[in-house]
Amino acid sequence: MDDQTKKMRRDYLRYLKLQRSMSANTVEAYGRDLDKLLVFLQQSGKAPIEVELADLQDFAAGLHDIGIGPRSQCRILSGVRSFFRFLVIDGYRDTDPTELLESPVLGEHLPEFLTPQEVDRLEDSIDLSKPEGHRNRAIIEVLFSCGLRVSELVNLKFSQVFIDERFLRIMGKGSKERLVPISERALQEISNYMSWRDSLKIKPGEEDYVFLNRRGAHLTRTMILIMLKEQADVAGIHKTISPHTLRHSFATALLEGGADLRVIQALLGHESIGTTEIYTHLSMQTLREEVLLHHPRNIK
């Protein structure tokens, strides 16, 4: 990789971090995807400022040829588009060769979700005589009631919980803050968990975290995932369960209750309404039944 390309790469990753407010992990992921393109260009004898659409089409075809799946191809090509937009913004190029670059067509992917009744089954299956019982019940209720990302849950602090106003102040992706209402039931579950939490020997620096393990340290995402999978087995729920399942269930319950998609977008902290739209999984059969049932032309 020549010095100019190294500088472009360095400047681009700095731009993602400082201008786009991306996390270190996200910036690193973008860098890995970009390196796939830069290796391809190096082998082709082309510099980024010389790239044309045909070069990128060859690169995209190569991703398919080496067995990279359509979803991963889309992610990589999205990063490629972002890189070339940056090169135009920063004056390295006058034109963006990715404007007509197509991504593979993806089939609709509908994540699993739980109905409110299944969430109740999950919570009711918890053995509250165990030390972590009330904590685990509170975790499930907060995930379902507030639609938090698992990273937001494990980092939730008491300084972010406003009990009287009944909302959480959440710092989401890209350091973007949002306010999320929290239900009376979720607050009650947290209150029920507090007696066990107060008995713990809390590690220095961990005092403000809401959810702790037996050693008095805040939880990890892996701990939450394992707990949910084990609890789903106990509850007899035969679905692929993860913390994201409860976030999706939160959005689904709101949507089916009549909430506006823009409201759901704000509560989930999605930058784009397009991201929120994946949560709208009402089947065509359901839609057809609703039309047959409620449209005046079908009412006899």
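Reader: Hi! Which residues in H3 and H4 meet in this model?
Author: Happy to help! In this predicted model, Leu56, Phe59, Ala60, Leu63 and His64 in H3 meet Gln73, Ile76, Leu77, Val80 and Phe84 in H4.

Reader: Nice. How do the residues of that contact divide into nonpolar, polar and charged?
Author: Eight of the residues in the contact of H3 with H4 are nonpolar, two are polar and none is charged.

Reader: And at what angle do the two helices pack?
Author: H3 (residues 53-65) and H4 (residues 70-89) pack at an angle of about 155 degrees, and their axes are 10 Å apart. That angle makes H3 roughly antiparallel to H4. The crossing of H3 past H4 is right-handed.

Reader: Switching topic: how many salt bridges does a search of the whole structure find?
Author: The search finds 18 salt bridges. One of them pairs Glu118 with Lys239, whose closest N and O atoms are 3.0 Å apart.

Reader: Where do Glu118 and Lys239 lie?
Author: Glu118 is in helix H5 (residues 116-124), while Lys239 is in the loop between helix H9 (221-235) and helix H10 (243-256), so the pair ties together parts 121 residues apart in sequence.

Reader: Last thing: where is confidence lowest, and where is it highest?
Author: Helix H13 (residues 284-294) has the lowest confidence, with a mean of 53, and helix H6 (residues 133-146) has the highest, at 96. Over residues 281-287 the pLDDT is below 50, and this stretch has seven contacts in the model beyond near neighbours in sequence.

Reader: What is the mean pLDDT of the protein?
Author: The mean is 86, with 88% of the residues reaching 70 or more.

Conventions:
Residues numbered from 1 in each chain as written. Predicted model: local features only at pLDDT ≥ 70, side-chain atom pairs only at ≥ 80, totals over all residues. Heavy atoms only, no water. Axes fitted to C-alpha atoms, helices over the stretch in contact; angles between N-to-C directions. Helix = DSSP H or I, 4+ residues; strand = E, 2+ residues; numbered from the N terminus. Parallel < 35°, antiparallel > 145°, perpendicular 65-115°, else oblique. Left-handed = near helix turned anticlockwise from the far one by under 90°. Contact = heavy atoms within 4.5 Å. Nonpolar A, V, L, I, M, F, W, Y, C, P; charged D, E, K, R; others polar. pLDDT = per-residue confidence, 0-100. Salt bridge = Lys/Arg side-chain N within 4 Å of Asp/Glu carboxyl O.
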